[in-house]
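Here is a walk through a two-chain structure, taken one element at a time. Keep the viewer open and rotate along as you read.

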Amino acid sequence: MSFFTELGRFIIFMRFVLKRPQKWSVFWKITFREMHNIGIESLIVVMLIATFTGAVTTIQTANQLLTPSDLFPTQLIPKFVVGAVVSTSSILELAPTVTCLVLAGKIGANIASEIGNKKISEQIDAYEVMGINSASFVALPKIIAGLIMIPSLVIVANFLLLYGGALATKFTTALTYDDLIEGARMVFHVPYIKIMLIKAFIFAFLITSLSSFQGYYTVGGALEVGEAGTKAVTKICIAILFFDLVIAQIFLGL
Amino acid sequence: MIDVQGLNKSFTDKHVLNDINLSFEAGKPNLVIGASGSGKSVLLKCLVGLMEPDTGNIAYDGRLLGSMGYQERQDFRREIGMLFQNNALFDSLTVEENVEFPLKMFSTLNAADRLDRVNECLAKVNLVNCNSKYPSEISGGMKKRVGIARAIALPIKYLFCDEPNSGLDPLTSRVIDELLVQITEDLGITTVINSHDMKTVADIGHKIVFIYDGKVEWVGSNLHLELGYSENPALSAFFKASF
């Protein structure tokens, strides 16, 4: 299937998804359950990845900038530069992009498989025959829950990336905690937080909507449900990387 | 009453339904029979609007399905109940929640009244003491009954059943048949049943439509089946292959 055919189907799918829910009380009940599934269930993995990535990024950045070389004498590079690099890359890239790529694997595959399973077991048809807008019923709560919880996870990840960096200073003599914090404070700009949140919202929409779309159009059996999960993750990752580039160029391109 | 006129449906180069003209009567079970791949399920999906026919009209008591707008069709579907071949029960919900689901979505009943209605529907299909069980914890026959209870939870006018006996033993199969007849008569609804179980056909086939290769090959009742066998070689072959 060509890219444009797929895009057309996605737009038509979203037209049905973004309709007013038929029963608000049922909609909010499902949305809160999805917020738990997407947010709380992913919290531990996000915390672990963010903390370790922050620590590793700090150690590697310190190693690259503070190791004597022919190119840059170490005396020319103040140690707080490491903190500046780590904090900026955490806010702009590691927190939103890496976290969302991880969540694409966890949440995206889960949503696609769940909806795909409903599709092949005729549960989606059952909704339709009852007069329920099935696309909206299965996908909209997940999208709304994702738009609330994924940016929240990104904010948590951002703090833990810096916390991981701070932890790393305990294990290296090249850099102190004060150097790290001084550098982070020196380059902190509020617009960077806005960019991080814009990325988080866009990526959250991509993760939940693309995986719902992939699951909703599953045809076949158990094998195809598994394939739907894999395809969803692949498409989400490509879309995240593409939009990451677009957002970087729009907001930070010189 | 459901009237079908000039219904055609094809998938790429395969013509699945070919100029289907039929009417289904209210208050008695209408059976659509035929071999696997003959077009029964596609006909049923066209009837409930899950598939769009290429050409032709489907009229529900004079209301044309094809002429309904999106919202009108959604509202109309609340008059339809359907029992799916694989039951299509919501696997994350209990039996009680499955039957309660359409009531929660479309009725103004409070929780206590909904529970009363759920128990009434479950009693109608002879299911008791399994409200808190999940679909994975009950037998095939019980799943069919839960499917029927869910289908009749709202006041429907039309009931569609896709292979209600598939995967069931002969005794349970007979119980489901009797249940469908009883519900059809009690509620005065138009029931359309897809089946290739000749026992069902002989027992409850008030009106029988035999579909062969996408066409209506024979229409009659269980009282005229023997005449049908002698008149129609395809029906005769289908009947003989069933035993």
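In helix α1 of chain B, the buried residues are B:K40, B:V42, B:L43, B:L44, B:C46, B:L47 and B:V48. That makes 7 of the 9 residues in this helix, which covers residues 40-48, so by the criterion of 20 or more other C-beta atoms within 10 Å the helix is mostly covered. Just past the end of α1(B), you will find B:G49 with a positive phi of about 85°. Keep in mind as you go that this is a predicted model.

Stay with chain B and move along to helix α5, residues 140-151. How far apart should the ends of a helix with 12 residues be at 1.5 Å a residue? The expected span is 16 Å, and the end C-alpha atoms of α5(B) are 17 Å apart, so the two values agree. This helix, too, is mostly covered, with 9 of its 12 residues buried. The buried residues run from B:K143, B:K144 and B:R145 through B:V146, B:G147, B:I148 and B:A149 to B:R150 and B:A151. Their packing partners in chain B are β6, α3 (95-106), α4 (111-124), β7 (158-162) and α6 (170-187).

Two of those partners, β6 and β7, lead us to the sheet. Chain B has an open sheet of 6 strands with mixed pairing, in the order β6-β7-β8-β3-β9-β10. Its edges are β6 (80-83) and β10 (215-220), each of which pairs on one side only. From one strand to the next, the twist averages 20°. Inside this sheet, β3 (residues 29-33) and β9 (residues 207-212) of chain B run parallel and are joined by 4 bridges. To find the register, look for B:N30, which stands opposite B:K207 of β9(B).

For an antiparallel pair, turn to β1 (residues 2-11) and β2 (residues 14-24) of chain B, which are joined by 7 bridges. Here B:L7 stands opposite B:I20 of β2(B). The hairpin has 2 residues between the strands, and B:T12 takes a positive phi near 45° in it.

Now cross over to chain A. Which residues of chain A and chain B make the contact, and how many come from each? Chain A gives 14 residues and chain B gives 15 residues. On the side of chain A that touches chain B, the largest share, 5 residues, comes from helix α4 (residues 123-129) of chain A. By class, that side of chain A has 5 nonpolar, 5 polar and 4 charged residues.

Chain A also offers some helix packing to explore. Helix α3 (residues 80-120) and helix α5 (residues 134-168) of chain A have axes that come within 8 Å and cross at roughly 145°. Their crossing is right-handed, and their contact holds 16 nonpolar, 5 polar and 2 charged residues.

α3(A) also packs with helix α8 (residues 222-252) of chain A, at an angle of about 145° and with the axes 8 Å apart. This crossing is right-handed as well. On the α3(A) side, the contact includes A:C100, A:A104, A:G108 and A:A112, while α8(A) contributes residues including A:V225, A:G229, A:A232 and A:I236. The residues of this contact divide into 13 nonpolar, 7 polar and 1 charged.

Conventions: Residues numbered from 1 in each chain as written. Chains lettered and ligands numbered in written order. Predicted model: local features only at pLDDT ≥ 70, side-chain atom pairs only at ≥ 80, totals over all residues. Pairing = 2+ DSSP bridges. Axes fitted to C-alpha atoms, helices over the stretch in contact; angles between N-to-C directions. Left-handed = near helix turned anticlockwise from the far one by under 90°. Nonpolar A, V, L, I, M, F, W, Y, C, P; charged D, E, K, R; others polar. Contact = placed C-beta atoms within 7 Å. Expected span 1.5 Å × (residues − 1).
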